[in-house]
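This report describes one protein chain. It covers fold, core, aromatic pairs and charged pairs in turn.

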Amino acid sequence: MRSPSPPAAERPARLLAPALALFALLLLAYSGSIGLRASEGASITGDEPFYLLTTQSLLRDGDLDLRDQYARREYRSFFDHPEGLWRQSVPGPDGRLLSPHDPGLSIVLLPGFGAAGLPGAQVQVLVLTAAAFALTFVLAARTTARPAVAWLATAAVAVTPTAFVYATEIYPEAPAALALVAGVLLVTAPGRGGPVRAAGLAATLTALAWLGVKYVPLAAVVAAFGLARATGRGRVALLGVGAVSAVAFVWWHLATFGGLTPYGVNSAFAGASTGELLGEHADFADRVYRLWGLFIDRRFGVGRWAPILLLALPGLAMLWCRGGIRRLAIVLVGVQLLIATFFAITMMGWWFPGRTLMTVLPLLALPLAAVLDRGGIAVRATGAALGAYTAAVTVALVVAVRAGHVTVAVDPFDLRTPLFTFPAGLFPQYTAWGTDTIVLTAIWLGGAAAAAWWAARRRRTVPAPAASPVSAG
């Protein structure tokens, strides 16, 4: 059966200009993120220097062994802490010293780092982040058939503090977001997938996996949706290329790290098997609060820094009720939330809030667009106010970091501007389980349930946009 022609709002030619405009504006905006100090002692910190150390080793030695970089203190070219760079891993049985991270990001950064060191790598991540949100706009426009609303929703998510900071942080989250959005675009493109599209999808998901083994569940979800929509030959191509990719991935990890993940060489988990690592990190009782804490915690909740994202949450119910391929975005957000809740070591790490959600953060533009499109004048006015507040917090953060009042990885939540401190009492703090924490949590969860109920009813009472290949799902 032939697929119907997409409405004018969804035709690629009509979406190219606004996508490029968003890309250009984000390139300009994200340039303000370059050079934000991560800690008082160093411009980058946490895992960042170790990704670059591997990139440096690949460029200078052609391997992943970091012994020469430590011996020659080559990290001094990008890591400015006066005490030098600590060791994050232990030597393997053969004496090699490997970074406890998948090499995908280090390989991606070869051009930028090779050309201009740390600033070049940051610019490269910046470009990839802007591209991720430009593609997200295309996806949101296809989903809502409202390009203007999709553009505004995507821009609002793109300028949240989390997106702004990670636009130049040396972490795989933003490049992984680009690969994920590209994969979803391939799956949701009009028509049924043939062999060429299937091979492209397999390549995209392979890149996602090599950016980090923690992204394999996301890749598996997109692959499953791709298989369901592909033609017979497309399924064969996707399964064939995917099988080869999976075998290579498993073989290389076993040969290089002695397990399915690189975490076994980490000095904190040295010698642990893959099963032991998963078992150690999976703890339901102590971590279930993260399901909502990742959004509303007073220090590390993304909704605390960017309340516009809270408005997107009822939109998830809207998209789910509309069914079809839109549910893919919801499933991906849900899977990443479960990983961040039950398998990430901490949600309050030595990094800027929202890191564990950054990979699916662009996808929240889809439910946000749905809410703005269908919520009426009051909801749109609320969205405009929350969007303006969120952008103002981002600006205030940049000003404070530039002035040396806070750093982005150690104490960003000590931001003292009244804009940020005034609403602090509305959010629970999960490092102190007092009565106020329990009461505030109950209020927030009750409000979330009411918002989901409203969104589901709104879906049934407001006419849907004109039918499209995506909505037909």
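## Basis and secondary structure

Helices (H or I, at least four residues) and strands (E, at least two) are DSSP runs, numbered from the N terminus. By this rule arginine 457 is placed in helix α21 (residues 435-461). The chain has 22 helices and zero strands.

This is a predicted model, in which local features need pLDDT of at least 70 and side-chain atom pairs count only at pLDDT 80 or more, while totals for chains, interfaces and linings use all residues. Residues are numbered from 1 along each chain as its sequence is written, and side-chain values use heavy atoms, with hydrogens and water left out.

## Overall dimensions

The C-alpha trace of the chain spans about 65 × 60 × 45 Å along its principal axes. The radius of gyration is taken over C-alpha atoms, and the globule rule is 2.2 Å times the number of residues to the power 0.38. For 473 residues a compact globule would have a value near 23 Å, and the 22 Å of the chain agrees with that. One long separation is that of arginine 457 and glycine 114: their C-alpha atoms are 54 Å apart, with their positions 343 residues apart along the chain.

Burial is graded by relative accessible area: buried is under 20%, exposed over 50%, and partly exposed in between (1.4 Å probe, protein chains only). Of the 473 residues, 54% count as buried. Arginine 457, at 41%, is partly exposed. Contact means heavy atoms within 4.5 Å. Among contacts between residues at least 6 apart in sequence, 76% join residues at least 24 apart.

## Nonpolar core

In soluble globular proteins, nonpolar side chains tend to be buried together. A nonpolar core is here a set of buried Ala, Val, Leu, Ile, Met, Phe, Trp, Tyr and Cys residues joined through side-chain atoms within 4.5 Å. The largest one has 127 residues, and those with the most contacts inside it are Tyr30, Leu52, Phe78, Ile170, Leu208, Leu332 and Leu368. Helix α5 (residues 110-144) gives the most to this core, with twelve residues. With neighbours within four places in sequence left aside, tyrosine 30 is in contact with Leu126, Thr129, Ala130, Phe133, Ala158, Ala163, Phe164, Ala167 and Thr168.

Helix α18 (residues 365-374) has ten of its ten residues buried, so it is largely enclosed by the rest of the structure. Its buried residues include Leu368 as well as the charged Asp373 and Arg374. Just after α18, glycine 376 takes a positive phi of about 90°.

## Aromatic pairs and charges over rings

Rings of Phe, Tyr and Trp (its six-membered ring) pair if their centres lie within 6.5 Å; planes under 30 degrees apart count as stacked, over 60 as edge-to-face and the rest as tilted. The structure holds 17 such pairs. In one of them, the rings of tryptophan 210 and tryptophan 252 have centres 5.2 Å apart and planes at 65°, so the pair is edge-to-face. This pair links distant parts of the chain, 42 residues apart: tryptophan 210 lies in helix α9 (residues 195-211) and tryptophan 252 in helix α11 (residues 232-257). Trp210 and Trp252 also belong to one aromatic cluster with Phe249 and Phe257.

A charge sits over a ring if NZ of Lys or CZ of Arg is within 6 Å of the ring centre and within 35 degrees of the ring normal. The charged end of arginine 304 is so placed over phenylalanine 420, 3.8 Å from the ring centre. That of arginine 355 sits over the ring of tryptophan 351, 4.7 Å from its centre.

## Salt bridges

A salt bridge is a side-chain nitrogen of Lys or Arg within 4 Å of a carboxyl oxygen of Asp or Glu. The structure holds eleven. One joins arginine 37 and aspartate 80, with the closest N and O atoms 3.5 Å apart. Arginine 37 is partly exposed at 29% relative accessible area, and aspartate 80 is partly exposed at 37%.

Arginine 355 forms a salt bridge with aspartate 47 (3.5 Å, N to O). These partners are 308 residues apart, arginine 355 in the loop between α17 (327-342) and α18, aspartate 47 in the loop between α1 and α2. Both arginine 355 and aspartate 47 are buried. Aspartate 373 of the enclosed helix α18 bridges to arginine 146 at 3.2 Å between the closest N and O atoms. The two are 227 residues apart, with arginine 146 in the loop between α5 and α6 (147-158). Aspartate 373 is buried at 13%, whereas arginine 146 is partly exposed at 34%. Shared partners join Asp47, Glu173, Lys214 and Arg355 into one salt-bridge network.
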